[in-house]
Amino acid sequence: MNDTKHFADWEAKIDAALARLPREAAPPLFLREAIRRELQTTRQLVVPPSDRWWSGLMRIAAAGAIFVAGLAVGRTDENRRASAATSPAADVQRTGTQYVASIARLNLAAGGSSAERVDGPEVAVAALAAAAAEVASFTPNDTLLSQLARVARGAREHLGTRGNR
Amino acid sequence: MPSPCGGDSDEMHSVALARLGDDEAFSQLYDTHHRRVFALLLRLERDEMAAAEALQETFIQAWKGIRAFRGASGFGTWVHKIAVRTHLMRARRRAREAVRIEGGAAFDAAMYLVAARRAMPETSIDIERALARLPDGARHAAILCLVTGYSYADAAAILGVRIGTVKSRISRARTMLREMLDR
């Protein structure tokens, strides 16, 4: 009897926990324009007059445009999945996730060898600093991005100095 | 089919305009539904880029077939149905490829959880991890019924299986989740 009640309690808890999970998630930002352009190309959507190359809508993030270009090239290929997966914006998204996942694994391994504990953060921050420098070079006049690159470079130098002690 | 994802007369107006290729109607319908569809696909695909590709395929399929949408269910439910079918087709394709490429169908739990945390910052990583580890049938049923809120009958219609199959898969999912989370 107790087992049955225990099981029923667990079942209710699991159902409640699953029902509390978010039902919405944010997809990569470039997707909206990619889908829209694809639908325009196949004439499922009519291009509005204001949507010419000089309009504001064309000033979308470069990543979105590159992604669509990747799709357009891949359309002749039967395997469109491969073209979407190899577009530069998608590549940044995927490798960015890989980077963060690798750091998460590094955290799990933090109890491991002392070399991992010392080298791990240094390698992680070096990659972060290099990425921040590249991103800042997109828009050299963006103060916030320049600050981000400067802070990341400072963190890399700080860890490098600590490692050399 | 009752919808866990809304639907009203304004939406039917947007659908009518979308059938004519109206760009604004696309934006309206996409903006209303894409986040729910992406959450569903992220959990089904367990890979951020695969979910993004599936979302793209889903909306393109939806627009190609929008003339066939009669409004018997909400637009969101209709798009969810397309999303699940898109996922199932992709999964079958991957399974075929996995026969040729050893290990091709495996998923990377660490990558998935990073993507899930980024796309749904308020989610429970322990529950997402356990859910992602369920076998496909139990996972699909649990995602549709226990997370998204579909009835067993609706989930059965979406998955193309009998209600009894959905019930047994849910029961299996609960048992396995209990074992994983009780450790």
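At what angle do α7(B) and α9(B) pack, and how far apart are their axes? I started my notebook there, keeping in mind that this is a predicted model.

**Entry 1: a helix pair in chain B**

I got an angle of about 95° for α7(B) and α9(B), with the axes 8 Å apart. Angles of 65 to 115 degrees count as roughly perpendicular, so I logged α7(B) as roughly perpendicular to α9(B). Next I looked up who makes the contact. From α7(B) I noted B:Gly137, B:Ala138, B:Arg139, B:Ala141, B:Ala142, B:Cys145 and B:Leu146. On the α9(B) side I wrote down B:Val166, B:Arg169, B:Ile170, B:Arg172, B:Ala173 and B:Met176. Sorted by class, the contact has 9 nonpolar, 1 polar and 3 charged residues.

**Entry 2: chain B overall**

I counted 9 helices and 0 strands in chain B. Read from the N terminus, the elements go α-α-α-α-α-α-α-α-α. The C-alpha trace spans about 50 × 35 × 35 Å along its principal axes. I also checked the radius of gyration: chain B has 17 Å, which agrees with the value near 16 Å for a compact globule of 183 residues. Of those 183 residues, 43% are buried. For contacts with a separation of 6 or more in chain B, 61% come from residues 24 or more positions apart.

**Entry 3: chain A overall**

Chain A has 7 helices and 0 strands, running α-α-α-α-α-α-α from the N terminus. Here 22% of the 165 residues count as buried. I ran the contact split on this chain too: residues 24 or more positions apart make up 44% of the chain A contacts with a separation of 6 or more.

**Entry 4: where the chains touch**

I found 38 residues from chain A and 38 residues from chain B in the contact. Which elements of chain B supply at least two residues each to the side that touches chain A? I listed α2 (23-45), α3 (48-64), α5 (109-119), α7 (136-147) and α9 (163-181). The largest share of that side of chain B is the 10 residues from α3(B). By class, the side of chain B that touches chain A holds 22 nonpolar, 6 polar and 10 charged residues. My helix pair from Entry 1, α7 and α9 of chain B, is on that list of contributors.

**Entry 5: α2 of chain A**

I went back to chain A for helix α2, residues 30-41. Its 12 residues reach 17 Å from first C-alpha to last, close to the 16 Å expected at 1.5 Å a residue. Is this helix enclosed or open? I found 9 of the 12 residues of α2(A) buried, so the helix is largely enclosed by the rest of the structure. The buried ones are A:Phe30, A:Leu31, A:Arg32, A:Ala34, A:Ile35, A:Arg36, A:Arg37, A:Glu38 and A:Leu39.

**Entry 6: two arginines with positive phi**

Just after α2(A), I hit A:Arg43 with a positive phi of about 65°, although it is not a glycine. A:Arg43 sits in the loop between α2 and α3 (62-74) of chain A. I then looked at B:Arg46, whose phi is near 60°, again a positive value in a residue other than glycine. B:Arg46 lies in the loop between α2 and α3 of chain B.

Buried or exposed? I checked A:Arg43 and found 9 C-beta neighbours inside 10 Å, so A:Arg43 counts as exposed. B:Arg46 has 22 such neighbours inside 10 Å, so B:Arg46 counts as buried.

Technical notes
Residues numbered from 1 in each chain as written. Chains lettered and ligands numbered in written order. Predicted model: local features only at pLDDT ≥ 70, side-chain atom pairs only at ≥ 80, totals over all residues. Helix = DSSP H or I, 4+ residues; strand = E, 2+ residues; numbered from the N terminus. Buried ≥ 20, exposed ≤ 12 C-beta atoms within 10 Å, placed from the backbone. Contact = placed C-beta atoms within 7 Å. Nonpolar A, V, L, I, M, F, W, Y, C, P; charged D, E, K, R; others polar. Expected span 1.5 Å × (residues − 1). Axes fitted to C-alpha atoms, helices over the stretch in contact; angles between N-to-C directions. Parallel < 35°, antiparallel > 145°, perpendicular 65-115°, else oblique. Rg over C-alpha atoms; globule rule 2.2 N^0.38 Å.
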